[in-house]
Amino acid sequence: MKTARSFPRRPFLGIACVCAAFMAVPAVLAYSTYSPGCAACHGDFRSSPYVSLADGQSWGDDLHDVHRNTMLSGECGTCHTSGGRSPVFTYSSDGGGGLSGISCIGCHGRAEDVRGIGTEGAGLRQHHYRAGVTICFDCHDDADPAAFTPVGEDVLPPFYANPGTNHPNIPTDSCNSDGSENFAGGPTGLDNDGDNAYDTADPDCITWWGATDLGGGWYWLEWFGYFNVNFAPWIYHDQHAWLFPFGTEDPGGIVFYDAGMQQFWWTSSVVYPFVYRFSDGVWLFYELGSSNPRWFYNFTTQQWEEH
Ligand code: HEC
Ligand code: HEC
Ligand code: HEC
Ligand code: HEC
């Protein structure tokens, strides 16, 4: 397995290393500090106003002030070291106020993505890779989505709300359902897992009516049973088979399109196994556990239906 320290893939970098071996160290370090690596594209951290490369919106202020003042309530050691204000490492700092000394990856990385030394920012790199900034792959093989799957958008970066008390404005939710990743520019926060789906638009952030995540795409609701979401927005229910839900948040009532029955029906945690079918406006009672065929009692015709 290749780490960030292995040799770059691109021939021109390889040749540079051969021609001037002593230059190899600064060339590699350049990408582990903000300047000149990240600054080559994102500009000086202190130049105002910053215009987002992700959504083209102006921040009206610079990256430095929005990060240090608005997000971090003036905690300089989050990114800096006592050795001096420059350079700023992307993965190492003094830390402080309850935040560990891991600098940018405290918010732009996840500990769950670690594969060897210093590779917490896989989601950040895959966001770049998908946007066509494939240079990250020269040194980090986890930049290619085909090579590595970062943990989902819903897994919190280490600094999130940790501890919120010293830094009241620090982001709390990587799904950004509370808007806590929005500080400037456009209405979205970060694409933490680098799949190009932001915030609640990321399937990882769907709550499935508060169901318990059993792994492998399977979920369980006490009143509704087992279902699989690997083919979301369709769900595969243990007895009902293919259902298309309208809305995935509110457990107070769900409308489904039932592929087997080819009808729309409504149910909720309170009324299930009673379901209301829209096409003919009738209440049905589903015989729990029946499957292939399922049995439904139709209260209007007073007959059992097989589906
Ligand atoms: C070669 C140019 C380039 C370099 C080098 C670069 N970036 Fe980016 N970065 C981009 C572009 C372009 C985007 C916007 C991609 C998009 O959303 O379409 C971006 C987006 C981002 C985002 C927003 C991600 C999101 O979730 O919306 C962050 C944060 C970021 N970069 C941080 C960094 C850091 C930290 C470094 C240095 C380790 C870095 N970038 C190096 C070009 C670059
Ligand atoms: C979110 C991370 C972050 C925080 C928090 C932060 N800074 Fe910075 N700071 C940076 C980055 C990145 C640079 C640019 C370094 C570079 O380009 O080499 C920088 C540059 C600077 C510089 C210019 C250094 C030089 O020699 O050019 C000064 C001074 C500075 N910061 C002071 C502060 C002070 C004071 C605080 C706390 C009130 C603070 N910073 C908080 C990230 C941060
Ligand atoms: C406290 C959490 C936190 C820390 C620490 C942090 N960031 Fe950020 N950063 C964010 C959030 C949240 C955003 C998105 C803000 C928004 O969209 O309103 C962001 C946005 C950015 C962007 C703008 C991307 C774009 O173009 O839209 C860059 C570049 C960036 N961060 C670089 C850094 C660097 C470099 C460091 C370390 C020196 C750092 N960040 C440390 C939370 C953090
Ligand atoms: C020339 C090689 C090289 C390239 C290209 C490169 N990096 Fe790195 N990167 C490194 C090295 C070396 C480190 C430091 C790792 C260590 O020493 O632990 C590092 C560290 C990082 C870190 C902090 C450590 C971590 O755990 O994630 C981030 C974030 C990062 N790089 C993002 C990027 C992004 C985004 C790109 C593409 C825009 C990129 N890098 C391109 C060599 C590179």
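## Overview

Helices (H or I, at least four residues) and strands (E, at least two) are DSSP runs, numbered from the N terminus. In this predicted model, the protein chain has six helices and 11 strands. Of its 307 residues, 25% are buried. Take the contacts between residues at least 6 apart in sequence: 35% of them join residues at least 24 apart.

## Confidence

The chain has a mean pLDDT of 88. A value of 70 or more is reached by 89% of its residues. Residues 1-29 are another matter: pLDDT stays under 50 there. For this stretch the model has 23 contacts beyond four places in sequence. Where pLDDT is low, predicted coordinates should not be read in detail.

## Helix α6

α6 spans residues 122-130. This helix is mostly covered, with eight of its nine residues buried. The buried set runs through Ala 122, Gly 123, Leu 124 and Arg 125. Gln 126, His 127, His 128 and Tyr 129 are buried as well. The packing partner of the buried residues is α5 (105-108).

After α6 comes Gly 132, with a positive phi near 95°. The helix also has a part in the surroundings of ligand 1, giving two or more residues to its shell.

## The shell around ligand 1

Ligand 1 is surrounded by 18 residues. Cys 38, Cys 41, Leu 53, Ala 54 and Ala 131 are the closest. Two elements give two or more residues each: α3 (34-42) and α6 (122-130). α3 gives the most, with five residues. By class, the shell holds 11 nonpolar residues, six polar and one charged.

## The shell around ligand 2

Ligand 2 also has 18 residues around it. Here the closest are Ser 35, His 67, Cys 76, Cys 79 and Arg 85. α3 and α4 (63-71) are the elements that give two or more residues. The class count is eight nonpolar, seven polar and three charged. α3 thus appears in the element lists of ligand 1 and ligand 2.

## The loop between α3 and α4

Asp 55 sits in the loop between α3 and α4. Asp 55 counts as exposed because it has 11 C-beta neighbours inside 10 Å, and the cut-off for exposed is 12 or fewer. Its contacts reach far along the chain. Asp 55 touches Gly 185, Gly 186 and Thr 188, leaving out residues up to four places away in sequence. Gly 186 lies 131 residues from Asp 55 along the chain, yet their C-alpha atoms are separated by 6.6 Å.

Ser 58 belongs to the loop between α3 and α4 too. Its 13 other C-beta atoms within 10 Å make Ser 58 partly exposed. Beyond four places in sequence, Ser 58 is in contact with Pro 49, Val 51 and Gly 185. Gly 185 is therefore a contact of Asp 55 and of Ser 58, with Asp 55 exposed and Ser 58 partly exposed. Ser 48 is 10 residues from Ser 58 in sequence, and the C-alpha atoms of the pair are 9.3 Å apart.

## Backbone outliers

Most residues other than glycine have a negative phi, and most peptide bonds are trans. Several sites in this chain depart from that pattern.

Asn 176 is not a glycine, but its phi is positive, about 55°. Asn 176 lies in the loop between α6 and β1 (212-215). With 23 C-beta neighbours inside 10 Å, Asn 176 is buried. Trp 209 is found in the loop between α6 and β1. Trp 209 has a positive phi of about 55° as well, and is not a glycine. Trp 209 counts as buried because 20 other C-beta atoms lie within 10 Å, and the buried class starts at 20.

Two cis peptide bonds complete the picture. One joins Ala 232 and Pro 233, with omega about 10°. Pro 233 is in the loop between β3 (225-228) and β4 (235-237). Another joins Tyr 272 and Pro 273, with omega about 15°. Pro 273 is placed in the loop between β7 (263-267) and β8 (274-277).

Key: Residues are numbered from 1 along each chain as its sequence is written. Chains are lettered from A and ligands numbered from 1 in the order in which they are written. This is a predicted model: local features need pLDDT of at least 70, side-chain atom pairs count only at pLDDT 80 or more; totals for chains, interfaces and linings use all residues. A residue is near a molecule or strand if its C-beta atom, placed from the backbone, lies within 6 Å of it. Ala, Val, Leu, Ile, Met, Phe, Trp, Tyr, Cys and Pro count as nonpolar, Asp, Glu, Lys and Arg as charged, and the others, Gly among them, as polar. Two residues are in contact if their C-beta atoms, placed from the backbone, lie within 7 Å. pLDDT is the predictor's confidence in each residue, from 0 to 100.
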